[in-house]
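Good morning, and thank you for coming. I should like to take you through one structure today, beginning with its aromatic residues and then turning to its helices.

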Amino acid sequence: MNNHKREIKSFFYSQYFSDGLRISAGILLPSLVMMQLGNFNLGLTLSLGALCICTIDSPGPVAQKRNAMAIGNLCLFAVAMITGFARLNVYTLGLEITLFSFIFSMFNVYGNRAASVGTSSLLIMIFMLDKDVPPPELLLFCATILAGGLWYMAFSMVFFGIRPYRAAQQTLGENVADIARFLRIKADFYRVEVDIDENYRKLVLQQIQVSNHQDAVRELLFKSRLMVKESTAASRILVLTFIDLVDMFEQIMATHYDYAHIRERFKNTGILQEIADFLHHVADELDNVGYSILANSRPEKTSNLEFRLEQLKLKIDEIGLDDKETSNLVLRKILINLRDLTKSISNIYKYYHSKASEGLIGTPDTDVEYSKFVTHQDYAPHIFFDNLSLNSATFKHALRVSLVCLVGYITSKYFSLGGHSYWVLLTIIVILKPGFSLSKQRNYQRLIGTIGGGVIGILILTFIPDKTVQFILLVILMVGTYSFLRLNYVVSVIFMTPYVLILFKFLGLGQINVFQERIIDTIIGSTIALIASYVIFPTWEFEQIKETLSSVITANINYLKKISESIAGKEVSITEYKLARKDVYVNSANLSATFERMTSEPKSKQRNIKDIHKFVVLNHILSSYTANIASALIRTGPQKPHADTLKLVKRSIAVLKEINKKIKGETIEPPVPKPETAKADTAKPETEKIPLTADDILMKEQLGFINKISIDIAKVTENALR
């Protein structure tokens, strides 16, 4: 019960609910104020501008939001004016819909923020279709829409100015909860009854969530000069906590064993269940930290992990004493990893209970290093024009959107039930995504949400006639709509539909007719969008998989190169390791997301899906072992060169490079045999004469396993390319 209460409280502390409140207030306030002043129609127009601009107000650095909303407002005014004149003639309006749908869909080439500007522009175009504004009044009407957009922009900036750290704090808290869930899935590998392959599937799915949230935190913490350079306790603690969390996630990723073998050896000892239970206790502590960060309070320890760890150590020692034939070496390795995790959590607790974090953040050098961890979007005009080709997925998507919107517009003229024919186009814009699987998923979510929400709306309007209560429910439903928009789209639409029905009731429209019209228009728009995503320039994941596989392999090669350099005696900085690690994890998450999208496509379009799944699992194992070695090298520093270990890591790099060339379609040149005289003339390198230590032997074993995994990846990739 306490966990459920905490989950509910966490939602109300989260960025999702905060966004819902801010967006709802930004849209509602102009209408409410103008209604009190006796000019409700003016308020509705202002709210329309705010409604369009709020789509740009997604999580991210304040400077990016401000710039995007400023550009969005310019587009808002221009598109509203053009649509106001274009709608006077059915042909010019059809031409405008086709042209603008293409142009603003092409904004996707500049990333999500620019894409939201394009969506905002398309929204005002759609809403203006049924606005019967005489040409002499059009300038004033569009200026009012612009005023609403500017109002929302100012309101949002003030909102963030009051609490500049809150967005980063909320995203960080959500990321902690993601890592806790990842750790619980990892713990299930030690439960004998859990299927290992299915658990890997869950693990890579959760890795996507962790990676996405980590990127969001990086954006907020490292791209904002205020967050990094302002020397306050709040900013220092946030940055230090995030750095430790990323390192902790690497630790969790790096702990990988042959779980089938471990289960076989220790299933009768009961120790595996003890390890799983301990990991769940660690996850509980992480949840506690995440909740405290969300609630803006100091986290307090809820259990004595050190005592539990000591009890676990005694049980592991007993296994070694009871059965001399059963080596508990692997259990001792697991124990070391668990001890490292416990220390990491203790460090995070210390940040909130001491002054240890003061003076560590804010130097120019660290600021420069932080900038390396965030992506920098290039907005050069040539990117737009370079993508005007059928080889570009964005270009094909933009063409599809423009053609489908034209079809939707024509269809709405003949089949729409009432005066809100723009709902067909609105449904198409919301549903149609670059990939078929995303369009299909959004299609089902929209239909289920609309029907379910419509029933709820009719029940509210039928059995709750009191207008005050209806207005209160409208506000609640509106906040719910925008709170769940990024969290759960089905729930968002379930909230949205009754909120729209109640709104139209206040505007004097019949609820039953509006409900019927919305259902019919949604079905029409959904059907057109789904058919179009399958027929018109379809984009299937198997067409993109080569590029994704190549990116993952390249990232692994670069990570292994850092290890090779360190083993060869070269100084490799922690920043270099972390950048290589980040690249591997981000590309691995992208691969997992691609695989998941592929599984929801038609069976005929799922090419070599089993081999792709094997690649995803093998890549996870490879990155885990690589991270394990990297962690050891970070602790010990550059190594004395050893020929055996160097050969192993270079062999792995060579295998991955060769398969990467095959993916890219490059010709592979056969190795040139060395002259026989070279063997006689060349003396053995000094590196071979240096004896191997126990640590060197362990590293050699790990690198040997990495070499085996690299070969397996090469084989699986060859099968996937067929």
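I begin with a group of rings: Phe-11, Phe-12, Phe-17, Phe-484 and Phe-495 make up one aromatic cluster. Please bear in mind throughout that this is a predicted model. Across the whole structure, the search returns 24 aromatic pairs. One of them joins Phe-12 to Phe-17 in an edge-to-face arrangement, with 4.9 Å from centre to centre and 85° between the planes. Are these two partners buried or exposed? Phe-12 has 48% relative accessibility and is therefore classed as partly exposed, while Phe-17, at 18%, counts as buried because the limit for that class is under 20%. A further edge-to-face pair is formed by Phe-104 and Phe-107, whose ring centres are 5.3 Å apart and whose planes make an angle of 70°. Here Phe-104 and Phe-107 are both buried.

Rings also meet charged groups in this model. Arg-22 places its charged end over the ring of Phe-159, at 5.4 Å from the ring centre. Arg-442 does so with Tyr-489, and there the distance to the ring centre is 3.9 Å.

Let me now turn to the overall composition. The chain contains 29 helices and zero strands. It has 722 residues, of which 53% count as buried. Taking contacts between residues at least 6 apart in sequence, 83% connect residues at least 24 apart.

Next, helix packing. Two packed helices are described by the angle between their axes and the distance between those axes. I shall use helix 5, residues 90-105, as the example. How does helix 5 run relative to helix 6, residues 112-127? Their axes come within 8 Å and cross at roughly 165°. Angles over 145 degrees count as roughly antiparallel, so that is the description for helix 5 and helix 6. The crossing of this pair is left-handed. On the helix 5 side the contact is made by Glu-96, Ile-97, Phe-100, Ser-101, Phe-104 and Ser-105; helix 6 contributes Gly-118, Ser-121, Leu-122 and Met-125. Phe-104, which we met in an aromatic pair with Phe-107, thus appears again in this contact.

Helix 5 also packs with helix 18, residues 393-415, at about 155° and with the axes 7 Å apart. Helix 5 and helix 18 are therefore roughly antiparallel as well, and their crossing is right-handed. Among the helix 5 residues at this contact are Val-90, Leu-93, Gly-94, Ile-97 and Ser-101, and they face a set in helix 18 that includes Phe-395, His-397, Leu-399, Cys-405 and Tyr-409.

I close with two individual residues. Which residues does Asp-178 touch, leaving aside those up to four places away in sequence? Asp-178 is located in helix 8, residues 166-187, and is buried, with a relative accessible area of 0%. Its contacts are Gln-206, Gln-209, Val-210 and His-213.

The second is Ser-437, in helix 20, residues 436-463. With 3% relative accessibility, Ser-437 counts as buried. Beyond the residues up to four places away in sequence, Ser-437 touches Glu-541, Arg-597, Ser-600 and Glu-601. Ser-437 and Trp-540 lie 103 residues apart in sequence, yet their C-alpha atoms are 8.3 Å apart in space.

Note on methods
Residues are numbered from 1 along each chain as its sequence is written. This is a predicted model: local features need pLDDT of at least 70, side-chain atom pairs count only at pLDDT 80 or more; totals for chains, interfaces and linings use all residues. Side-chain values use heavy atoms; hydrogens and water are left out. Rings of Phe, Tyr and Trp (its six-membered ring) pair if their centres lie within 6.5 Å; planes under 30 degrees apart count as stacked, over 60 as edge-to-face and the rest as tilted. Buried means under 20% relative accessible area, exposed over 50%, partly exposed in between (1.4 Å probe, protein chains only). A charge sits over a ring if NZ of Lys or CZ of Arg is within 6 Å of the ring centre and within 35 degrees of the ring normal. Axes are lines fitted to C-alpha atoms, for helices over the stretch in contact, and angles run from 0 to 180 degrees between N-to-C directions. Helices (H or I, at least four residues) and strands (E, at least two) are DSSP runs, numbered from the N terminus. Angles under 35 degrees count as roughly parallel, over 145 as roughly antiparallel, 65 to 115 as roughly perpendicular and the rest as oblique. A crossing is left-handed if the near helix is turned anticlockwise from the far one by less than a right angle, and right-handed if clockwise. Contact means heavy atoms within 4.5 Å.
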